[in-house]
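This report covers the overall make-up of one protein chain, its salt bridges and one loop residue. Please read it alongside the sequence and structure below.

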Amino acid sequence: MPNAVRSLLTLLVVPSLAWSAGSARAAGAAAGDGIETARAVRQVVPGVRLESYERLEADRWLRIDELVVELGAGGGGGGGGVRAEYLGGHGAATVAQAAAAHPAGPGRRVVAAVNGDFFDARGTGAPLGPGIAAGRLLHSAGPGPGPARAVAFGADATGRIQRIGLDGRITLPGGAVRPLAGYNAARPPAAGFAAYTADWPGAALPAVSAAVTVRDGRVTADAPTWPRQAERPERRRRPGRPEPGTTLLTATGAAAVSELVALRPRDAVTVSARPLPKAGPAPVTALGGREPLVVAGVPQDHGGKANNTAAPRTAVGFSRDGRQLRILTVDGRQRDSGGLTLTGLGRLMHRNGAYEALNLDGGGSSTLLAAQAGAVAPTLENAPSDGFPRPVANGLVLTAPTGSGRPAGYRVEPTGGSTGDPALTRVFPGLSRTLTATGYDAALGPAAGEPAWSADGNGTIGPTGVFRAAARPGGATVHARHAQAQGELRLDVLGPLTRIRPTRPRIGLAVRGESSGFRLLGQDTQGASALVEPRDVVLRFDRSQWSVQDDGRGGFTVTALTPRATGTLRAVPRPPVGADPAGRSPTGPGRTGRSPAGAGPAGAGPADRGPADRGPTGAGRGGPDPARAGSAGPRAFGPGPAAARAAAGQPPAGTAAVAEVALGVGLATQPLAGLDDAAAWTGPGASPTDGHRGRGLALALPGPAGRGSAAPPRPLPVPELARSLTLWVGGDGSGARPTVELTDADGAAVSVPGPAVDWTGWRELTLPLPATAQPPLTVTRLSAVAADRPARLLLDTLGARTPPTARVTEPDAPRDPILTAEAAVRARSWRFAVEPAAPTTARTVGDAGLRADLVLTGAPRAPFVHRGVRFLTLDTTRRTLAGGGLSRLRALRTALAATAEDPDTGALAVVQRHAPQTVDRKEAVLSARLLAEFRRTTGKRAALFTVDAPALAVGRSEGVPAVALPAAAGRVLVGVDAFAAGDWLSVQEKTG
């Protein structure tokens, strides 16, 4: 592979809380108050790269995607390189739909796209700002011809923020000239003439007072002689979309209407319109925006303005010379990303190098697409806040020269994900990983040519890209080659599979025919995780009620075949391919061009093992099924105890490698609160009253927009699989709106509003739960807000519509060898003790009775080093998004850096109090990842001790021991040897 092409494909997944001293000192210097927690960089085409990164600010998580574009690059000058062009303008469409329909032109292709201007969402659907494509004015801003801000690109391939107005005129019969006040504008002028053509970018045209059509400079139809009362907005008409070659001339205001209605067929009328920049030449491409974010190198302060709230955002910025374009989206209204204010967005754009920047439409409209090497079309990169891409009015699209189509390299990836997911680039001994190889040319465009596969190291690979791991842990490198083009992927073979679990332990479906999916993740003895593919497991389930299919992405799709049922799906790993009768794994590394035995001609696994063994299957598939339980037949495995156990749905001996998924279909209402205890509900305006049946709750709402609420005597948990809530409401016809208020798994507020109560009497409401809400959810109060007058709503019986599921039993986790008897703890070179939280801080002790150098309680203390171990106590009293997460992660990163650089320190022990209400799940996952990455990159040790946990638990995550100690355990002794060859800790099994 040419070095230039290889460098273009470099994929960086950087844990940005690295533990170098330099990064420790610069924790947030470049990023203000926050810290960057992850970054991935991908070259899209020559001259365009995608940078995706995550940040933690004091009060929110952020997820950001940014395209950095060298305008004109990759084309040898003359505008033949990367270009930004106007996207869409043919009615509402998703960015992906508009990009697929965009005419890139001969020798060019679409490589990226982003949503564009704000638009008249409740009216015409047309963009509100100016739009120019290929130097031609498509639409002006409105109302009126005045200039509006736009992202603009000139003929010299440079960009800038411009203010663009309308220079338009109408020449009437007799030579009278009138100014044109709007051209395909979403909002017509209050008085004057406006023109609409086939370039109209919206749906329905605006309502106007009078209109005529003009073709080839002549009026083609009479102007409607509407009465003067048509000047009232509610009496205006909506004309139809003009045909190509036809201009619809409209008028508002008495003077313009009188001139328009005087026109007759065949009258000579000419209409002209062109963009009028406030300064500089007219651009070739322009797209409207709204708020300036950076002006002449100065980020703007939008404090006190209506739109300056945290939200999903889209922004475009330019370098000072206009040669570098930055297109950025910030996800928002999600647990993983809270969005940015306009002021924060401006600071971010300025920090990233923008000399000027403009805010585009955000919220649910924010959408960014970018191509991968060899891909035919760009794909979605950000996470739209609606949960799916929203149709928008227009956007920006990046096009680049088409490549030769001759393979220059291959992008090798695991099926169903990216190389950035460690679970997909790992595999258990004897099990498989399905890979794909996508060819790309020197311009990173698609290239045909099937590669030949080979593997070096611990495994073999077949001609269809199915890798089969050898028996021992280690590494393997998979190669895809075609002539001089090649690509490779490093895979890690873990230790033996000891545990397997589903990504979704419960699946609830509403109706027959509905589907949902899950994957299986396994762990080895060190807690390292990897995906277990469908071909490597045996499933047992009731085929008369469920269909379970390989989804082609490393997981399974479950479909209900009946309207109401509960059941259990059981998954057990197959004996490794090539296992001997005792069930032992195949051995030895190697390389091959053939599929491993049993993988089938396409490495498809279950579909090619014979009629009695279809793996995950739907109803009616062949093979004996005496129990109708969906089990695969034993003849697929050959003789031996391992095969017999798998066929019977039992895990391999000595492991917990079995997974169960509870299944259910058919919604039922589960009561959450009958409100018979309404007297115990408290809040402003709340009082007990007669309900729909029995007692109920009344909410008095004083005056217009008056509020009332009632909190239950205790929080009400919502079933995990609930689809909606139900609530009986006694209406008074006032238009007041009831709301059910909840908190999610991290304590974030979730509101589920009901409709305006325009009825009287009792009615049961069904309130769908937001798809983005993170269970478990808890109801915290019922509330209501009045409309334009006082109101009194009656409430009764709150319920949840949820599918039932069967009960499943989680197998006990394998016992971790660090949990041992006191004698083994005493055998270590030294010991410390962990005990429940107490007023005293950690202390050094030396009495023989305690038998420990230190006692740790989780109480705050400065970091210290003792006999080769650095101890860090994290303060968990502050919530993650109240500054606590930022403080803890900075402290952890500093401690990791210090431990990594000190040759006399071999391990880091982190101690914290159990605090699930203050430490959110994302912080916990990130902390665990940092400890694991530290262990992997430095070879040093790490451990996490949690004090006052609800139960005793000793396990590992990615090789890092995690010890949870309940208060009831009392004092627990821990033996330590930071430089031991094997496990460096021993935890006392018997507390005292």
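The text goes from the whole chain to the salt bridges and then to a single loop position.

**Whole chain**

The model is predicted. Its protein chain contains nine helices and 66 strands. The chain has 992 residues, and 53% of them count as buried. The accessible surface amounts to about 39900 Å², with carbon and sulfur atoms contributing 53% of that area. Among contacts in the protein chain with a separation of 6 or more, 70% are between residues 24 or more positions apart.

**Salt bridges**

The structure holds 39 salt bridges. Three of these pairs are set out in the table, with the N to O distance and the relative accessible area of each partner.

| Pair | N to O distance | Acidic partner | Arginine partner |
|---|---|---|---|
| Glu36 and Arg39 | 2.7 Å | Glu36, 18% | Arg39, 22% |
| Glu51 and Arg49 | 2.6 Å | Glu51, 11% | Arg49, 26% |
| Arg411 and Glu413 | 2.7 Å | Glu413, 13% | Arg411, 15% |

Buried means under 20% relative accessible area. Glu36, at 18%, is therefore buried, whereas its partner Arg39, at 22%, is partly exposed. The bridge between Glu51 and Arg49 also joins a buried residue to a partly exposed one: Glu51 is buried at 11%, and Arg49 is partly exposed at 26%. In the third pair, Arg411 is buried at 15% and Glu413 is buried at 13%. Apart from such pairs, salt bridges with shared partners link Arg63, Asp331, Arg335, Asp336, Asp746 and Arg921 into one network.

**The loop position Asp875**

Where does Asp875 lie with respect to strand 60 and helix 8? Asp875 is in the loop that runs between strand 60 (869-874) and helix 8 (884-901).

Is Asp875 buried or partly exposed? Its relative accessible area is 40%. Buried requires under 20% and exposed requires over 50%, so a value in between counts as partly exposed. Asp875 is accordingly partly exposed.

Two further relations place this residue. The side chain of Asp875 makes a polar contact of 2.7 Å with the side chain of Thr877. Asp875 is also 17 residues from Gly858 in sequence, and their C-alpha atoms are 8.0 Å apart in space.

Key:
Residues are numbered from 1 along each chain as its sequence is written. This is a predicted model: local features need pLDDT of at least 70, side-chain atom pairs count only at pLDDT 80 or more; totals for chains, interfaces and linings use all residues. Side-chain values use heavy atoms; hydrogens and water are left out. Helices (H or I, at least four residues) and strands (E, at least two) are DSSP runs, numbered from the N terminus. Buried means under 20% relative accessible area, exposed over 50%, partly exposed in between (1.4 Å probe, protein chains only). A polar contact is a pair of N or O atoms within 3.5 Å; within protein, one must be able to donate a hydrogen and the other to accept it, and residues adjacent in sequence count only if both atoms are side-chain atoms. Contact means heavy atoms within 4.5 Å. Accessible areas come from the Shrake-Rupley method with a 1.4 Å probe; for residues, only the protein chains shown count as cover. A salt bridge is a side-chain nitrogen of Lys or Arg within 4 Å of a carboxyl oxygen of Asp or Glu.
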